[in-house]
Amino acid sequence: MKFTAQQIAGILEGDIIGNPDVEVSKLSKIEEGIKGSLTFLANPKYTSYIYSTKASITIVNKTFEPEHDISTTLIKVEDAYKAFSKLLEYYNQVKNNKSGIEQPSYKSESATYGENVYLGAFSYLGDNVTLGDNVKIYPQAYIGDNVTIGNNTTIFAGVKLYSETEVGNNCIINSGAIIGADGFGFTPDKNGEFKKVPQTGNVIIEDNVDIGSATTIDRATLGSTIIRKGVKLDNQIQIAHNVEIDEHTVIAAQTGIAGSTKIGKYCMIGGQVGIAGHLTIGNNVKVQAQTGIGHRVKDGEKLYGSPAIDYGNYVKSYVHFKNLPKLVKTINDLEKKVDANN
């Protein structure tokens, strides 16, 4: 896709300094700009690159005034960073504006869908599936029986939605995510052999949820595993059966949450965090990367370490952790002096 400076300025409500007809077809960093690319300048420390960049168009703040000759066409806006982000969003909408049903694909006779739906090649819609308007199902996605998907939701290639899963409006589920597989439920018999406990619940994903690639969310044993509205999940996260994650919580990659744990609203959880089962994590909790949580957490706590302790206490304690060899030597020396004096 190609865009002219005039078209871009129209989208961003910006002013053009240079050639309004110059075209771009790709994006670049300002220091790596080449002919036919679009870039932006928002951070002053990159200002020097605007005089050497080969990018055809550069978005800048209205306050920017070049001190030397430049070859790039400028588009001046109120906030270059926000404008570039807006343009990225627009670009994605145009790029992903697919519709129609590709072949080969399978759609059960009982499946229903709204307007402007895209069903990619080798995708599968099971019995009684319901899709809203503007839903996009990319190639090789599996949508099991009785799944419902709301309006404006995108299911990328290779996603698996097991039966009875409910997905809300304006959601994005990235490639390789598996939603609704059986929870890890087993019980030992009298011989110590583990027998599977049937997992008869489902997964509910509310509106405006983003789910990263290769993330897995297990169905509930009974009831529902629930991801509330506005939650953002990174790649490679494991969410076990009957977990509930409340509104607008964000979780980074490789975090694991054991069964039946409840996580509150507006939490921020770092990468590789481990959370034990049957816990309650309060609202507005912040958890540093690689923290291990095995206890209930109150609202507003900041945690670090494994097992987790208060973040401030951890930082203070770390000063002593790294000095332990020196402290041990000091204690040993003092003990030797005491023994010598005795």
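1. Is lysine 62 buried, partly exposed or exposed? In this predicted model, lysine 62 is partly exposed, its relative accessible area being 35%. Its salt-bridge partner is glutamate 78, and the closest N and O atoms of the two residues are 3.5 Å apart. Lysine 62 sits in the loop that runs between strand 6 (57-61) and strand 7 (73-77), whereas glutamate 78 belongs to the loop between strand 7 and helix 2 (80-95), so this pair ties together parts that are 16 residues apart in sequence. Glutamate 78 counts as exposed, at 64% relative accessibility.

2. A salt bridge also joins the side chains of lysine 76 and glutamate 65, with an N to O distance of 3.1 Å. Here lysine 76 is part of strand 7 and glutamate 65 is in the loop between strand 6 and strand 7, so the contact ties together parts that are 11 residues apart in sequence. The two partners fall into opposite classes of accessibility: lysine 76 is buried, with a relative accessible area of 11%, while glutamate 65 is exposed, at 54%.

3. Another pair to inspect is lysine 196 with aspartate 182, whose side chains meet in a salt bridge at 3.2 Å, N to O. Since lysine 196 lies in strand 23 (residues 194-196) and aspartate 182 lies in the loop between strand 21 (178-181) and strand 22 (186-188), the pair ties together parts that are 14 residues apart in sequence. Lysine 196 is partly exposed, with a relative accessible area of 44%, and aspartate 182 is likewise partly exposed, with a value of 37%. This pair does not stand alone, for Asp182, Lys196 and Arg219 are linked in a network of salt bridges.

4. For the structure as a whole, the count comes to nine salt bridges. Among them are the pairs lysine 62 with glutamate 78, lysine 76 with glutamate 65, and lysine 196 with aspartate 182. As general background, side chains of opposite charge can pair when their charged atoms come close.

5. How many disulfides does a search of the whole structure find? The search finds zero. For cysteine 171, the closest cysteine sulfur is that of cysteine 267, and because the distance is 19 Å, the two are too far apart for a bond. Cysteine 267 is accordingly in no disulfide, its nearest cysteine sulfur being that of cysteine 171. Both side chains can be placed by their accessibility: cysteine 171 is buried, with a relative accessible area of 1%, and cysteine 267 is buried as well, also with a value of 1%.

Notes
Residues are numbered from 1 along each chain as its sequence is written. This is a predicted model: local features need pLDDT of at least 70, side-chain atom pairs count only at pLDDT 80 or more; totals for chains, interfaces and linings use all residues. Side-chain values use heavy atoms; hydrogens and water are left out. A salt bridge is a side-chain nitrogen of Lys or Arg within 4 Å of a carboxyl oxygen of Asp or Glu. Helices (H or I, at least four residues) and strands (E, at least two) are DSSP runs, numbered from the N terminus. Buried means under 20% relative accessible area, exposed over 50%, partly exposed in between (1.4 Å probe, protein chains only). A disulfide is a pair of cysteine sulfur atoms within 2.5 Å.
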